[in-house]
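Dear colleague,

Please find the structure below, together with a short account of what was found in it.

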Amino acid sequence: FINKIVKPKKVSLDDIQDYFFKLVADSSHIYALYNDPEQTEESSILVFDWEGSPIARLRIDRASSFTVDSGNKRIIAINDGFNNELGCQEYSYQNLN
């Protein structure tokens with residue numbers, strides 16, 4: 001899945017903030033909030049292991065920030081004014097191995 005999302009030839013260092021909004025890590029994984037400018041209704045949280053290998057892609061409603069509660073296997077995402085709405089969403093996930 002990662003090759004369909006991250007296309008290094010299309011992303012310049014000047015544009016990087018337009019795609020990756022936040023990184024969060026726990027003892028097992030690194031989570032990256034990815035917003036594709038062409039997908040205005042959804043965001044992705046890309047999950048990597050500590051060696052940098054892609055593990056999963058979690059699709060969520062468009063978000064500007066998030067945090068991970070790995071003990072309860074949930075993600076809390078903030079919609080910070082996209083579509084003129086402010087809100088918070090909670091998502092559950094299964095094992096990410």
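Is D26 buried or exposed, and how far away is the nearest side chain of opposite charge? D26 is buried, where buried means under 20% relative accessible area, exposed over 50% and partly exposed in between, with a 1.4 Å probe and protein chains only. D26 has no salt bridge, that is, no side-chain nitrogen of Lys or Arg within 4 Å of a carboxyl oxygen of Asp or Glu. The nearest side chain of opposite charge, K73, is 10 Å away; Lys and Arg count as positive, Asp and Glu as negative, and His and the chain ends are not counted.

This is a predicted model: local features need pLDDT of at least 70, side-chain atom pairs count only at pLDDT 80 or more, and totals for chains, interfaces and linings use all residues. Residues are numbered from 1 along each chain as its sequence is written, and side-chain values use heavy atoms, leaving out hydrogens and water.

The chain holds one helix and seven strands, taken as DSSP runs numbered from the N terminus (helices H or I, at least four residues; strands E, at least two). D26 sits in the loop between β1 (20-25) and β2 (29-34). A polar atom of the D26 side chain lies 2.8 Å from the backbone nitrogen of S28.

Y93 is found in the segment after β7 (86-92). Y93 counts as buried because its relative accessibility is 10%. Y93 and K73 are 20 residues apart in sequence, yet 5.6 Å apart in space, C-alpha to C-alpha.

Yours sincerely

Key. A polar contact is a pair of N or O atoms within 3.5 Å; within protein, one must be able to donate a hydrogen and the other to accept it, and residues adjacent in sequence count only if both atoms are side-chain atoms.
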